[in-house]
Amino acid sequence: MRAISAGPPTRTALGRARKSQTYVISRVFIGKIALLIAVATVGLVFLVPLFWMVSTSVKPSDQVWLIPPAWIPRKFVWENFSEPWNNLPFPRFYLNTIIISVLSVVGMVVSSSMVAYAFARLRFRGRGIMFLLLLSTLMLPNHITLIPQYVLFNWMGWVNTTYPLWVPTFFAGAFNTFLLRQYMMSIPNEMDEAARMDGAGYFAIYARIIMPLSKPVLGVVAINTFTFHWNDFFGPLIYLTEQNNFTIALGLRILQGDYFQEFPVQHIMSMTLISILPVMVLFFIAQRYFIQGIVISGVKG
């Protein structure tokens, strides 16, 4: 029997195929447009408080509490930025915050990466149990360890100094260690073996191979640490008592509390705007490392 060969597609079939393809493309295009509109709407909702803060920071006093609000002031009062800066030691507040944040980033990156390297690349007895104990500390709220830490730092004479705010970062953090370990486990072990054949020791492998290859996740740790210590209010509130040692967070609280009648709300908004600028600039500069590190650390390991 001869095989019956299929003939060429008819015009009707071709028309149906083209209509089906056009329908699929249209649905995908409409879906993307709808998703873009939804994301833009949510983004605008979250940007409203920021826009109100920027607008209020340059408003005159009689336009701050208007209803409906005046989003664009009729007159820009730039003195709202200079008056609180001159009447309170905000330069000192900024210097203290920068020192604490930078030292915390250095301490957390170095210590957590070393601990993570040991858990990810070295083989020793009890490694799994020790790592489990490390992760178990994540279940302890910070308020449970607050009183023992305060007693310890008070005994050491560190109360009313910045030491309690950045020295603990040199002893690693459980979450950052976990994040770094997951990333380091995704690096092929053949690189370590090749380096050992060339005579490299553990520290040389850590410094010359693991650390350069871990830049994305190190960027995540650095950004998170800097942001936390830059915005930290609870720690400075507990350990700092003299105004000369205050950070920006405490400075803004002084501006809001004791000097509220002297410094109106537009001054608070102007200083708040200045305080968040370094964090925003840092994120936009390092967002590539942040997103890449989160994606890779969450997929592998």
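This section describes the fold, the nonpolar core, a nonpolar surface patch and two backbone features of a predicted model.

The protein chain contains 13 helices and 0 strands, and its pattern along the sequence reads α-α-α-α-α-α-α-α-α-α-α-α-α. Of the 301 residues in the protein chain, 36% are buried. Among contacts with a separation of 6 or more, 72% link residues that lie 24 or more positions apart. The accessible surface of the protein chain amounts to about 19200 Å², and carbon and sulfur atoms account for 69% of this area.

The interior was examined next. The largest nonpolar core comprises 52 residues, and Phe90, Leu180, Met184 and Ile210 have the most contacts inside it. At least two residues of this core are supplied by each of H3, helix H5 (146-155), helix H6 (163-166), helix H7 (174-184), helix H9 (202-213), helix H10 (215-231), helix H12 (248-256) and helix H13 (265-299). Helix H3 gives the most to this core, with 10 residues. For Met184, when neighbours within four places in sequence are left aside, the contacts are with Ser113, Ala116, Tyr117, Ala120, Arg121, Ile210 and Ser214. Ile210, one of these partners, is also named among the core residues with the most contacts.

Helix H3 also contributes to the surface. A nonpolar patch is formed there by Ile98, Val102, Val106, Val110, Met114, Phe170, Phe171 and Phe203, which together have about 770 Å² of accessible area. The most to this patch comes from helix H3 (residues 90-121), with 5 residues; helix H3 thus gives the most to the patch and the most to the largest nonpolar core. Val106, a patch member, is located in helix H3. The relative accessible area of Val106 is 41%, and Val106 is therefore classed as partly exposed. This value also satisfies the accessibility criterion for a patch residue, because that criterion requires over 30% relative accessible area.

Two loop residues show positive phi values. Asn160, which is not a glycine, has a positive phi of about 70° and is found in the loop between H5 and H6. The relative accessibility of Asn160 is 16%, so this residue counts as buried, the cut-off being under 20%. Ala172 likewise is not a glycine and has a positive phi, of about 65°. Ala172 is placed in the loop between H6 and H7.

How values were computed: Residues numbered from 1 in each chain as written. Predicted model: local features only at pLDDT ≥ 70, side-chain atom pairs only at ≥ 80, totals over all residues. Heavy atoms only, no water. Patch = residues over 30% accessible without salt bridge, like charges linked within 9 Å, V, L, I, M, F, W, Y side chains within 5 Å. Areas by Shrake-Rupley, 256 points an atom, 1.4 Å probe, with all protein chains shown as cover. Salt bridge = Lys/Arg side-chain N within 4 Å of Asp/Glu carboxyl O. Helix = DSSP H or I, 4+ residues; strand = E, 2+ residues; numbered from the N terminus. Buried < 20%, exposed > 50% of the residue type's maximum accessible area, 1.4 Å probe, protein only. Contact = heavy atoms within 4.5 Å. Core = buried A, V, L, I, M, F, W, Y, C linked by side-chain atoms within 4.5 Å.
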